[in-house]
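Q: I'm new to this structure and would like a close look at just one part of it. Please pick a piece and walk me through its surroundings.

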Amino acid sequence: MKADKSISTAHPKWFGLSLQALVILSQKSEIYPSAAIADCLKSEATQLRRVLAKLAAAQLIETREGRDGGYRLKRSPETISLAEVYTALKVGEPFCSGMLDTIGIHDTELKMKSAFTDIAQEIEQRTIDTLQKYTIAQLAERTLSKSS
């Protein structure tokens, strides 16, 4: 049985956009409009709003609707891990899940599918474990620090 790819509408680029948007928001205490964030990222505001909606649903950011609306972090950037962002977006299938599409239905192939599934799950878990080590604050510090 194949996984339902319609469960996640997240685009693979959303993770990068999310991290950059959160770094921008980590520098602002006030509500910041999506158009201003999109301008900073040289991104399209409508696409960015879709990304931000996922982050809001995961309680990582606050939203305010209307003319004076926008976004801000719901928690301090030191407490938001990159793994939380990745998970909130449901960035897609595990890294190697495409290899499952190469499997047939014979006994040997079913064993191969089981092995591939185990490997893909391990890769996904290691990705999350690695991302758990980093926060938005650390990413901001690395990317926004003034060079000498």
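A: What follows is a stroll around one helix, α3, and the core beside it.

Some ground rules: this is a predicted model, where local features need pLDDT of at least 70 and side-chain atom pairs count only at 80 or more, while totals for chains, interfaces and linings use all residues. Residues are numbered from 1 along each chain as its sequence is written, and side-chain values use heavy atoms, leaving out hydrogens and water.

For orientation, the chain has six helices and two strands (DSSP runs numbered from the N terminus: helices are H or I with at least four residues, strands are E with at least two). From the N terminus they run α-α-α-β-β-α-α-α.

Now to α3. With 13 residues, α3 reaches 18 Å from its first C-alpha to its last, close to the 18 Å expected (that's 1.5 Å times one less than the number of residues). At its start, a side-chain oxygen of E44 comes within 3.1 Å of the backbone nitrogen of T46. After the helix comes Q59, with a positive phi near 65 degrees.

Which residues of α3 are buried? They are A45, L48, V51, L52, L55 and A56 (buried means under 20% relative accessible area, exposed over 50%, partly exposed in between, with a 1.4 Å probe and protein chains only). Looking down the axis of α3, these residues fall within an arc of 145 degrees, so they line one face of the helix (the arc is taken from the directions from the axis to the C-beta atoms). That buried set packs against α1, α2, β1, β2 and α4.

Two of those helix residues, L52 and L55, also turn up in the largest nonpolar core: among its 33 residues, they join I37, I61, V85 and I136 in touching the most other members. (Such a core is a set of buried Ala, Val, Leu, Ile, Met, Phe, Trp, Tyr and Cys residues joined through side-chain atoms within 4.5 Å.) The largest share of this core, nine residues, comes from α1.

Take I61 from that group: beyond residues up to four places away, I61 touches L52, L55 and A56, as well as L22, L25, Y71, R72, L73 and K74 (contact means heavy atoms within 4.5 Å). R72 sits in strand β2 and is partly exposed, at 27% relative accessible area. Setting aside neighbours within four places, R72 contacts L25, S29, E30, I31, I61 and E62. The C-alpha atoms of R72 and E30 are 6.6 Å apart, though 42 residues separate them along the chain.

Technical notes: A polar contact is a pair of N or O atoms within 3.5 Å; within protein, one must be able to donate a hydrogen and the other to accept it, and residues adjacent in sequence count only if both atoms are side-chain atoms.
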